[in-house]
Amino acid sequence: MYGGTCINIACLPSKRLIIEAANGVEFTDVINSTEAMDQTKMPKTLTIIGSGYIGLEFANMFANYGTQVTVLAVHSDFLPREDDDISQMIKQDLENTGIKFELGVKINRVEDDTVFYEKNGQELSIKADRILAATGRKPNTENLGL
């Protein structure tokens with residue numbers, strides 16, 4: 001569960017992952033940011049889907065612990081909401097810690113420990129010990145009749 005809210009006697013999931021970057025691809029064997037904090041074993045390799053602030057925080061944290069990290073991002077620009085000079089400095093700093101970036105990708109599917117994606121019309125894949133979806137969250141209120 002991605003966080004929850006108790007309404008009367010029923011506890012309902014109140015947030016769910018936004019998978020807009022993956023075009024509706026279901027992530028079954030993927031952890032979210034909450035689950036990433038509960039890891040009991042450090043992964044040797046980690047693929048992060050999403051390059052927002054949360055994804056980058058986890059990329060930096062795991063890279064500093066010794067994990068080989070690759071970040072897959074839908075946007076072709078790194079941190080597109082920031083000024084170019086700032087975003088390039090941050091990207092360079094993260095790359096200096098060993099983080100790899102694949103920008104401008106389209107996630108096609110996730111199977112077990114592999115993410116299949118497209119970049120420049122070419123189908124690619126990356127295998128990892130753990131896959132983290134850091135694509136954001138939104139309230140899970142669609143079926144509440146609000």
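Helices, at least four residues long, and strands, at least two, are taken here as DSSP runs and numbered from the N terminus. On that numbering, K91 and E95 both belong to helix 3 and, being 4 residues apart, are separated by about one helical turn. The model is predicted, and a search of the whole structure finds 4 salt bridges in it. The points below take up helix 3, the strands on either side of it in the chain path, and a network of charged side chains that involves R109, E111 and E123.

**Helix 3**

- S87 is found in helix 3, which spans residues 84-96, and its relative accessibility of 1% falls under the 20% limit, so S87 counts as buried.
- Once the neighbours within four places in sequence are left aside, S87 is in contact with F78, L79 and E82.
- Further along the helix, a salt bridge joins the side chains of K91 and E95, with an N to O distance of 2.8 Å.
- The two partners differ in their surroundings, since K91 is buried at a relative accessible area of 16%, whereas E95 is partly exposed at 32%.

**Strands 5 and 6**

- Strand 5 (residues 68-73) pairs with strand 6 in the parallel sense, and the pairing runs over 4 bridges.
- Within this pairing, V71 stands opposite F101 of strand 6.
- The chain passes from strand 5 through helix 3 to strand 6, and the resulting β-α-β crossover is right-handed.
- Strand 6 (residues 100-103) presents two faces, a covered one formed by F101 and L103 and an uncovered one formed by K100 and E102.

**The salt-bridge network of R109, E111 and E123**

- Side chains of opposite charge can pair when their charged atoms come close.
- The side chain of R109 meets that of E111 in a salt bridge at 2.8 Å, N to O, and the side chain of E123 meets that of R109 in another at 3.4 Å, N to O.
- Because E123 lies in strand 9 (residues 122-127) and R109 in strand 7 (residues 106-111), their pair ties together parts that are 14 residues apart in sequence.
- R109 is partly exposed, with a relative accessible area of 32%; E111 is also partly exposed, at 41%, as is E123, at 43%.
- Through these contacts R109, E111 and E123 are linked in a network of salt bridges.

Technical notes:
Residues numbered from 1 in each chain as written. Predicted model: local features only at pLDDT ≥ 70, side-chain atom pairs only at ≥ 80, totals over all residues. Heavy atoms only, no water. Buried < 20%, exposed > 50% of the residue type's maximum accessible area, 1.4 Å probe, protein only. Contact = heavy atoms within 4.5 Å. Pairing = 2+ DSSP bridges. Right-handed = clockwise from strand over helix to strand, strands pointing away.
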